[in-house]
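Work through the exercises below with the sequence and the model open side by side. Try each task before reading its solution.

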Amino acid sequence: MKNRIAAIDIFRALTMLLMIFVNDLWTLQDIPQWLEHTAAGEDGMGLADVVFPMFLFIVGLSIPFAQKARIKKGDDRAKILAHILMRSLALVVMVIFLFIRNLSATVIPSLSLPMSIVGTFAIMYPLGYSLDNMSLMAL
């Protein structure tokens with residue numbers, strides 16, 4: 001593929017490798033403490049505590065490049081937003097199914113979660129609230 005930024009691809013590959021590695025640490029014995037998660041009451045970080053923030057960073061870094069590529073292919077912003085929403089909904093349904101492990105029982109939360117979010121935004125918008133306001137009020 002042309003026009004790819006090698007540093008992003010290398011960092012993504014390293015992050016995925018580390019995710020697989022730290023997810024398997026629980027099966028090992030007598031490993032160095034710096035590889036494990038740091039306990040909640042302790043002050044510090046282990047390698048396993050750093051991997052998920054690395055993943056979030058690389059995802060956030062990759063999103064603008066992916067959107068730019070889709071716009072370059074001719075997609076408009078509405079089509080990109082619809083694609084993001086459908087993909088997000090599919091991921092939510094898959095995660096719910098992984099926890100419930102029953103297809104028919106997955107339907108109810110899969111429908112109620114998006115409907116409650118849409119309903120919440122429908123009430124917030126006319127009242128002049130934004131996600132920033134709600135986040136600050138939660139503090």
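A helix here is a DSSP run of type H or I with at least four residues, and helices are numbered from the N terminus. The model is predicted.

**Exercise 1. Salt bridges in and around H1**

Task: Find the salt-bridge partner of Arg12, state where the pair lies, and classify both residues by accessibility.

Solution.

Step 1. Apply the cut-off: a side-chain nitrogen of Lys or Arg must lie within 4 Å of a carboxyl oxygen of Asp or Glu. Arg12 meets this with Asp9, the closest N and O atoms being 3.0 Å apart.

Step 2. Place the pair. Both Asp9 and Arg12 belong to helix H1, and they are 3 residues apart, about one turn of the helix.

Step 3. Classify the two residues. Arg12 counts as partly exposed because its relative accessibility is 29%. Asp9 is also partly exposed, since its value is 25%.

Step 4. Extend the search from the pair. Arg4 joins Asp9 and Arg12 in a network of salt bridges. In the whole structure, 4 salt bridges are found.

Step 5. Add the general background. Side chains of opposite charge can pair when their charged atoms come close.

**Exercise 2. The partners of Asp75**

Task: Which residues form salt bridges with Asp75, and is Asp75 buried or exposed?

Solution.

Step 1. List the partners. Arg70 meets Asp75 at 2.8 Å, N to O. Lys79 forms a salt bridge with Asp75 as well, with the closest N and O atoms 3.7 Å apart.

Step 2. Classify Asp75. Its relative accessible area is 17%, so Asp75 is buried; the cut-off for buried is under 20%.

Step 3. Classify the partners. Arg70, at 21% relative accessibility, is partly exposed. Lys79 is partly exposed too, at 49%.

**Exercise 3. How H1 packs on H2**

Task: Describe the geometry of the contact between H1 and H2, then its composition.

Solution.

Step 1. Take the geometry. H1 spans residues 6–23 and H2 spans residues 47–72; their axes come within 9 Å and cross at roughly 145°. The crossing of H1 past H2 is left-handed.

Step 2. Identify the residues in contact. From H1 they include Ile8, Phe11, Leu18 and Val22, and from H2 they include Leu47, Met54, Ile58 and Phe65.

Step 3. Sort the contact by class. There are 15 nonpolar, 2 polar and 1 charged residues.

Step 4. Look at one contact residue, Thr15 of H1. Thr15 counts as buried because its relative accessibility is 1%. Leaving out residues up to four places away in sequence, Thr15 touches Val51, Met54 and Phe55.

Step 5. Contrast Thr15 with Ala7, which is also placed in H1. Ala7 has a relative accessible area of 53% and is therefore exposed.

Step 6. Relate Ala7 to a distant point in the chain. Ala7 and Leu81 are 74 residues apart in sequence, and their C-alpha atoms are 27 Å apart in space.

**Exercise 4. The surroundings of Ser110**

Task: Where is Ser110 found, and which residues does Ser110 touch?

Solution.

Step 1. Locate the residue. Ser110 is part of helix H4, residues 103–127.

Step 2. Judge its accessibility. Ser110 is buried because its relative accessibility is 9%.

Step 3. Check the polar contact. The Ser110 side chain reaches the backbone oxygen of Thr106 at 2.7 Å.

Step 4. List the contacts beyond four places in sequence. Ser110 touches Leu89, Val93 and Ile96.

**Exercise 5. Positive phi outside glycine**

Task: For Asp30 and Arg101, give the phi angle, the location and the accessibility class.

Solution.

Step 1. Recall the usual case. Most residues other than glycine have a negative phi.

Step 2. Read off the angles. Asp30 is not a glycine, yet its phi is positive, about 55°. Arg101, likewise not a glycine, has a positive phi of about 60°.

Step 3. Place both residues. Asp30 sits in the loop between H1 and H2. Arg101 is in the loop between H3 (77–100) and H4.

Step 4. Classify by accessibility. Asp30 is exposed because its relative accessible area is 81%. Arg101 counts as exposed at 68% relative accessibility; the cut-off for exposed is over 50%.

Methods:
Residues numbered from 1 in each chain as written. Predicted model: local features only at pLDDT ≥ 70, side-chain atom pairs only at ≥ 80, totals over all residues. Heavy atoms only, no water. Axes fitted to C-alpha atoms, helices over the stretch in contact; angles between N-to-C directions. Helix = DSSP H or I, 4+ residues; strand = E, 2+ residues; numbered from the N terminus. Left-handed = near helix turned anticlockwise from the far one by under 90°. Contact = heavy atoms within 4.5 Å. Nonpolar A, V, L, I, M, F, W, Y, C, P; charged D, E, K, R; others polar. Buried < 20%, exposed > 50% of the residue type's maximum accessible area, 1.4 Å probe, protein only. Polar contact = N/O pair within 3.5 Å; in protein donor to acceptor, adjacent residues only side chain to side chain.
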